[in-house]
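Colleague: I would love a close look at one part of this model, the place where the metal ions sit. Could you walk me through it and then add a few backbone and side-chain details from elsewhere?

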Amino acid sequence: MEISLQQNVTLSEPCACLVLACHEKGRLPANAKKIDELSDGFLSRFLAHGDFTAEPGQCQLLYAVPGLAAERLLLVGVGAGEKLAEGKLQKAARALGQTVARAQLTNLHLALADVAVAHRSSAAATELWLRGILDAQYRFDQHKEPAKHPRHSLEKINVLVHEKLAAEAEAEMQQALSSAIAISRASDWARDLANQPGNICTPSWLAEQATQMAQARGIETEILGPTEMEELGMHLLLGVAQGSRQEPRLIVLHYRGGAADAAPIVLVGKGLTFDAGGISLKPADKMDEMKYDMCGGAAALAAIQAAADLALPLNVTAIVPASENLPDGQATKPGDIHRSMAGLTVEIINTDAEGRLILADALSYAKRFNPDVVIDMATLTGACIIALGHQTAAVLGNHEGLVMELLHAGRSSQDRAWELPLFEEYQEQLKSPFADLSNVGGRPAGTITAACFLSRFTEEYRWAHLDIAGVAWQSGEHKGATGRPVPLLVHFLRQRAKAD
Ligand code: BES
Ligand code: MN
Ligand code: ZN
């Protein structure tokens, strides 16, 4: 897949498919006007039929347009307003991607720079158009019979701009292209890891995949097993893993793109490769989807990949505690008490609240790297889906500035998050009569009390937590991992790289 910028274009060059935007009610943006002239009014006559209304999300392929050297014309509706709203852009970009994928187009000339988008530069809008297209190309079909008629996938996109851009605008545009490529590559990898079934994607398999990715990029890797965990006193992580025949792993990657003495950004991701709930067994309905309980871990690893591919001048460390959570004669039982690496003891009231346990020990491990900030992401609570649905991740943290940065990165990447409060009062719900902490806080505010639990292990550094339970995968007809929050993380890192 190759994307390149083409300046000084006239739109009369031959190509396989020219992509153009149209407004509602026949109003034409600059490029469409040009094409209308070249085709002797064909476009206006087509739009006058009114079948294609150009509302955001509508797309239309036209063939053999008179006067055009392009073999196909693909029209994208962008609505009525002067400026396209951010959410509408996402809808239009997604629809464009689906049309391109369905028609199995292999080459595109994208002439969408004339669409003004609210609160976004033309480069930032271009990144979102490209991501919509690339996102829709994703398939996970490696376990299916090879098709008789192989699919054609996209090979080349030319991003067209009329004028010769000034140096700064050109640099910004090039950055948008490389960013779109890095984000889609990283989130596709995260999706591949997550879509893999639990009988393949085990903790040791995940560690191998991470190691391969890291070795290809010269990224330093440490993989810890049960012996090292025992020595470190990681009994929360070991306690979750003890009901499984698969050994747990702690996967640690260090990307060093920054100064040798620059404190790292540490990304901690929940890598629960299958969550049956343990002795507090989950109901059978949709239990297969608990193979996705490692999406936070996959995102942390993928963010490291993107940082390396973009050669960001930062030090970034990923830590992924990986384990299964299964019922077994050896499994942790409700009421058992385990001691964390940090020394706090935890009464395990519900073995299905396992994510916070493995994260707690990983967050304690993070301390040794003297982090600048620590961000964890986890498919942590069903309650988060009740609070925010499948659109928005929850963010909570102990440092307002860091939370703001993440909210901003969520907005700029269209991979949005919203803050929930971490008020002191919620800590009450985690009291245990027999240990320092209970691992559950009851039904009210489940996402907040889970974050409160984590906050007890992150007091010594700036920390924020993303609960991605609602956004990491889709159920139903389009079942599959989404790759979120990789876009948010990459925007966060890019922003950090700029500020440094
Ligand atoms: N991995 C689940 C959370 C989850 C459930 C995410 C469904 C997405 C969809 C987590 O380990 C879990 O089971 N959490 C429990 C916590 C409860 C026992 C306090 C939950 O949310 O029910
Ligand atoms: Mn669970
Ligand atoms: Zn879980």
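What arrangement do the 6 donor atoms around the zinc ion (ligand 3) have, and why?

Modeller: Happy to. This is a predicted model, in which local features need pLDDT of at least 70, side-chain atom pairs count only at pLDDT 80 or more, totals for chains, interfaces and linings use all residues, and side-chain values rest on heavy atoms, without hydrogens or water. Residues are numbered from 1 along each chain as its sequence is written, while chains are lettered from A and ligands numbered from 1 in the order in which they are written.

Now to your question. The arrangement around the zinc ion (ligand 3) is octahedral because its 6 donor atoms subtend angles of 77 to 177°. Donors here are N, O and S atoms within 2.8 Å of the metal (3.2 Å for Na, K and Ca); water is not among the atoms, so sites may look incomplete. Six donors count as octahedral, and four as square planar, if opposite donors are over 155 degrees apart and all others between 65 and 115; four are tetrahedral if all angles lie between 85 and 135 degrees, and anything else is irregular.

From the protein, the zinc ion (ligand 3) is coordinated by K270 through NZ, D275 and D293 through OD, and E354 through OE, at 1.9 to 2.4 Å. Along the sequence, these donor residues follow the spacing K-x4-D-x17-D-x60-E. K270 and E354 thus bring distant parts of the chain together: K270 is in the loop between β9 (265-269) and β10 (271-275), and E354 is in the loop between β13 (345-347) and α10 (355-366), 84 residues apart. The elements are DSSP runs numbered from the N terminus (helices: H or I, at least four residues; strands: E, at least two). K270 and E354 are both buried; buried means under 20% relative accessible area, exposed over 50%, and partly exposed in between, with a 1.4 Å probe and protein chains only.

The manganese ion (ligand 2) lies 3.1 Å from the zinc ion (ligand 3), and D275 bridges the two. D275 itself is buried, at a relative accessible area of 3%. The protein donors of the manganese ion (ligand 2) are D275 (OD), D352 (O), D352 (OD) and E354 (OE), at 2.1 to 2.2 Å. Its site also has 6 donor atoms, but with angles of 70 to 167° it is irregular. The spacing of its donor residues in sequence is D-x76-D-x1-E. Here too the chain is linked across a distance: D275 belongs to strand β10 and D352 to the loop between β13 and α10, 77 residues apart. D352 is partly exposed, with a relative accessible area of 21%.

Several of these residues turn up again around ligand 1. It is surrounded by 17 residues (each with a heavy atom within 4 Å), and the closest are K282, D293, D352, E354 and G382. D293 places a polar side-chain atom 2.9 Å from a nitrogen atom of ligand 1, and D352 places one 2.8 Å from an oxygen atom of ligand 1. A polar backbone atom of T379 is 3.3 Å from a nitrogen atom of ligand 1.

Away from the metals, R249 is in strand β8 (residues 249-256) and is buried, at a relative accessible area of 18%. Its side chain makes a polar contact of 3.0 Å with the side chain of E247. A polar contact is a pair of N or O atoms within 3.5 Å; within protein, one must be able to donate a hydrogen and the other to accept it, and residues adjacent in sequence count only if both atoms are side-chain atoms.

For the backbone, a reminder helps: most residues other than glycine have a negative phi, and most peptide bonds are trans. A54, not a glycine, has a positive phi of about 70°. A54 lies in the loop between α2 (42-48) and β3 (59-63) and is buried, with a relative accessible area of 1%. Q104 also has a positive phi, near 55°; its place is the loop between α3 (86-102) and β5 (107-111), where Q104 is partly exposed at 30% relative accessible area. The peptide bond from R484 to P485 is cis, with omega near 5°, and P485 is in the loop between β20 (480-481) and α14 (486-499).
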